[in-house]
Every structure is written in structure tokens, then in C-alpha cells.
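Let us take a walk through this protein together, beginning with the overall fold and then stopping at a handful of individual residues. Please keep the view open as you read.

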Amino acid sequence: MNWKASFESITAHPGSNDTNTVAKLLELGLNYLGLGIGLVSSVHENVYRVEHASSPGDMIEPGTTFPIGHTYCWHTLKANKPLGFHHAGDSSIATHPCYSHFKLESYIGAPIIVGEKAVGTVNFSAAAPRDPFCAADFEFVTTISRYLAQAYFGKGEVH
């Protein structure tokens, strides 16, 4: 799948509805990565807040909050770079609260950085393990995070 052409098509319409654009980017990510959950979050102090979500049956709703330390994104924010786990139960985070709370085996995410501060994440996950993530997968989530930093978070549209 040529995600670059799809990404450019989705983001090429200035003034389009931001919510619609983010939803399309999450769907692109789910299709490209073969995962089931796509989220855009904001992080303020120790609270992780879902800003946009694409999940089976809309099981995760925008506005949902979690303690940041209980999320997979805690690891991404701590690393301050894209991070992925293709089989979390067989990794260094198997004993972390994120795994015991959510039991997601596959996760890939990138910090959304505005200025020099991480203000949130974009991430994709699934309950099943998958093949290890490759360089193109990390490039994909990084591209989306940079777009969101400028087009969405940079405009102050996050709570």
C-alpha cells in the first residue's frame, strides 16, 4: 500500500474539516498497519485524554481519560520518539500497568511535538500480536504526528 499518496490526498485540502481529516488519517493507519484501534491523544500533566478515536464499535470515545502511567503512550513519551511493540506480552513492558490494564499485544505510536514539548500522541494498537514493525511503519506514524502537530495541535484546538 502506498500510504504516502493516500496521506497527501487526505491532507491536501486546506480548510477541510479537521475532525474529518483526523478520522481519515486514523482509518488510513488502521488499514496500512493492519491494526484495530487508532487514537490521537493529548497529554496534560499526568492525564492522557483521547481526542480522536477509531475503534471497533466505537468502544473508545473521545474525551475518555486515563492516568498517563497506565498507557502504552507513556513509553512513547518517555522515549520521545516513535515506539512500537509487536508482541507486548513478550516484551519489556509485559509487567507494566499498560499491559495488565489493556492487554494490547500490538502498539505503535509517535509523540506529537509542538515547539519542543510533547503534547500528545498518535497511536495504533490491536489485541493480537503481529509481525515486527518496520522502518516504513515508524515513518508513517511520524508523518502523521508531524502533520497533527502543525494542523491540529498548533492551532490550539485541543482541550
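Strands here are DSSP runs of E with at least two residues, and they are numbered from the N terminus. With that in hand, a good place to set your first marker is Gly120, which lies in strand S6, residues 117-126. Please bear in mind that this is a predicted model. We will come back to Gly120 once the frame around it is in place.

The secondary structure of the protein comes to five helices and six strands. Read from the N terminus, the elements follow the order α-α-β-β-β-α-β-α-β-β-α. The C-alpha trace spans about 45 × 35 × 30 Å along its principal axes. How does the radius of gyration of the protein fit with that of a compact globule? For 159 residues, a compact globule would have a radius of gyration near 15 Å, and the 14 Å of the protein agrees with this.

Some totals fill in the picture. Of the 159 residues, 45% are buried. Among contacts with a separation of 6 or more, 55% are made by residues 24 or more positions apart. The accessible surface is about 8000 Å², and carbon and sulfur atoms hold 52% of that area. As for charge, there are 10 positive and 14 negative side chains, and the centres of the two sets are 5 Å apart.

Now turn to the N-terminal end and look at helix H1, residues 3-11, where Trp3, Phe7 and Ile10 are buried. Looking down the axis of H1, you will find its buried residues within an arc of 65 degrees, so they line one face of the helix. What covers these buried residues? The cover includes helix H2 (18-33) and helix H5 (135-151).

Back to Gly120 in strand S6. Its relative accessibility is 0%, so Gly120 counts as buried. Along the chain Gly120 and Val40 are 80 residues apart, while their C-alpha atoms are separated by 7.3 Å. Setting aside neighbours within four places in sequence, the contacts of Gly120 are Ser41, Ser42, Val43, Leu77, Ala110, Pro111 and Ile112.

A second glycine to visit is Gly84, placed in strand S4, residues 83-85. Is Gly84 buried or partly exposed? At 26% relative accessibility, Gly84 counts as partly exposed, because the cut-off for buried is under 20%. Gly84 and Phe124 are 40 residues apart along the chain, with 9.3 Å between their C-alpha atoms. Beyond its neighbours within four places in sequence, Gly84 is in contact with Tyr107, Ile108, Phe133 and Phe138.

Next come the loops, and two residues whose backbone angles deserve a look. Most residues other than glycine have a negative phi. Asp58, in the loop between strand S2 (47-54) and strand S3 (65-67), has a positive phi near 50 degrees. With a relative accessible area of 56%, Asp58 is exposed. Lys103 also has a positive phi, near 55 degrees, and sits in the loop between helix H4 (97-102) and strand S5 (106-114). At 47% relative accessibility, Lys103 counts as partly exposed.

Leu104 is placed in the loop between H4 and S5 as well. Its relative accessibility is 15%, so Leu104 counts as buried. Leu104 and Ala88 are 16 residues apart in sequence, and their C-alpha atoms are 7.0 Å apart in space. Aside from its neighbours within four places in sequence, Leu104 is in contact with Ile37, Tyr72, Ala88, Tyr99, Ser125, Ala126 and Ala127.

Our last stop is Pro129, found in the loop between S6 and H5. Pro129 is partly exposed, with a relative accessible area of 44%. How far apart in space are Pro129 and Ile112? They are 17 residues apart in sequence and 25 Å apart from C-alpha to C-alpha. Leaving out neighbours within four places in sequence, Pro129 is in contact with His86, His87, Glu105 and Ser106.

How values were computed:
Residues numbered from 1 in each chain as written. Predicted model: local features only at pLDDT ≥ 70, side-chain atom pairs only at ≥ 80, totals over all residues. Heavy atoms only, no water. Helix = DSSP H or I, 4+ residues; strand = E, 2+ residues; numbered from the N terminus. Rg over C-alpha atoms; globule rule 2.2 N^0.38 Å. Buried < 20%, exposed > 50% of the residue type's maximum accessible area, 1.4 Å probe, protein only. Contact = heavy atoms within 4.5 Å. Areas by Shrake-Rupley, 256 points an atom, 1.4 Å probe, with all protein chains shown as cover. Lys, Arg positive; Asp, Glu negative; His and termini not counted. Charge placed at Lys NZ, Arg CZ, Asp CG, Glu CD. Arc of directions from axis to C-beta.
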